[in-house]
Amino acid sequence: MKCFTKISFLVVLLGMFSAQAFAQVEIHKYEGKALSPYNRQYDNSIKGPQTVDIDKYKLLINGKVKRPQSLTYNEILGLHSVTRVVTLHCIEGWSEYLLFKGVRLVDLFKKANPDKEVQTVIFYAADGYSSSLEYKFIVKNDIMIAYEINGKRLDSERGFPLQVVAESKYGYKWVKWVTHIELSDKPYIGYWEKQGYDNEADILK
């Protein structure tokens, strides 16, 4: 009995050690430059942070494609990843300098095999939010969709499981809690764009 107790205690200790060893530690600097903090004090979503059941989650990619996709979170994590430092500019005037890790949208598109007439990529979120980017812009700028910020997986506030990293576009194009990507041959007007926001959303220099 004493031997069993010692073994059980050892197993618990090893489990705690393993969990700590593989715990994600926030990266505060990248290439000598300070990053904005992962945790933030404001929320600019339309319905507050969303909770997505990852066991039931599937990223749907459809529309003008030859091979519609329905990818689990683990399947997305298994794809080739990229890491980039990008500044997110909000139209409200604030900005964040963050280290993103995720997958290239063109890699997802290759799996779906887009039709030649595709012009627009529409992103739908778990809270009903939506916005779009031009297909040519995504390809030319090699836009990514992220699952980590500063070395930590996204949480419910940060957009878990996926957020668009729309470099050189204002924050309302950086759709969080992405559940569905539709490729279209027509322009699309998203949530804020319907209320007067510029559909191009280019950062003003």
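1. A good place to start is the open sheet, which is made of five strands in the order β4-β3-β12-β7-β8, with mixed pairing. The edges are taken by β4 (69-71) and β8 (130-134); each of these has a single partner strand, so one side of each is left without a neighbour in the sheet. From one strand to the next, the twist averages 15°. Please keep in mind as you read on that this is a predicted model.

2. Within that sheet, have a look at the pairing of β7 with β12. Strand β7 covers residues 120-125 and strand β12 covers residues 178-184; the two run antiparallel and are joined by six bridges. If you would like one pair to find on screen, take F123, whose bridge partner in β12 is I181. As background, strands of a sheet pair through backbone hydrogen bonds, either parallel or antiparallel.

3. Now step back to the whole chain. Its secondary structure comes to four helices and twelve strands. Of its 205 residues, 42% count as buried. Contacts also reach across the sequence: among those between residues at least 6 apart, 68% join residues at least 24 apart.

4. Next, the largest pocket, which holds about 360 Å³ of space. Its lining consists of 21 residues, and those nearest its centre are N44, Y129, G171, Y172 and W192. Sorted by class, the lining has 13 nonpolar residues, along with four polar and four charged ones.

5. The second largest pocket has a volume of about 190 Å³. Residues lining this pocket include Q119, T120, F137, K169, K173, P187, Y188, N199 and E200, together with S132, L133 and E134. Strand β8 gives the most to this lining, with three residues. You have met β8 already, as one of the strands at the edges of the sheet. By class, the lining of the second largest pocket is made up of four nonpolar, four polar and four charged residues.

6. There is also an enclosed space to look for: the structure holds one cavity of 30 Å³ or more. The space in this largest cavity is about 40 Å³. Around it you will find Y38, N39 and R40, as well as D155, E157 and R158. Four of the lining residues are charged, one is polar and one is nonpolar.

7. Two residues make a nice closing pair, beginning with V103 in strand β6 (residues 95-104). Is V103 buried or exposed? V103 has a relative accessible area of 1%, under the 20% limit, and therefore counts as buried. Leaving aside neighbours within four places in sequence, V103 is in contact with I76, L79, H80, V82, L108, M144, I145 and Y147.

8. The other residue is L77, which lies in helix α2 (residues 73-77). L77 counts as partly exposed, because its relative accessibility is 23%, and that class runs between the limits of 20% and 50%. Apart from neighbours within four places in sequence, L77 is in contact with Y147 and R153. Y147 thus links back to the previous point, as a residue that is in contact with V103 too.

9. Finally, two distances are worth checking in the viewer. V103 and L77 are 26 residues apart along the chain, and their C-alpha atoms are separated by 8.2 Å. For L77 and G102, which are 25 residues apart along the chain, the C-alpha separation is 7.9 Å.

Definitions and conventions: Residues are numbered from 1 along each chain as its sequence is written. This is a predicted model: local features need pLDDT of at least 70, side-chain atom pairs count only at pLDDT 80 or more; totals for chains, interfaces and linings use all residues. Side-chain values use heavy atoms; hydrogens and water are left out. Two strands pair if DSSP finds at least two bridges between them. Axes are lines fitted to C-alpha atoms, for helices over the stretch in contact, and angles run from 0 to 180 degrees between N-to-C directions. On a 1 Å grid over the protein atoms alone, a cavity is a set of points where a 1.4 Å probe fits but cannot get out, and a pocket is an open set with protein on both sides within 12 Å along at least five of seven lines; lining residues have an atom within 4 Å of a point. Grid points are joined across faces, edges and corners, and a volume is the space filled by probe spheres set on the points. Ala, Val, Leu, Ile, Met, Phe, Trp, Tyr, Cys and Pro count as nonpolar, Asp, Glu, Lys and Arg as charged, and the others, Gly among them, as polar. Buried means under 20% relative accessible area, exposed over 50%, partly exposed in between (1.4 Å probe, protein chains only). Contact means heavy atoms within 4.5 Å.
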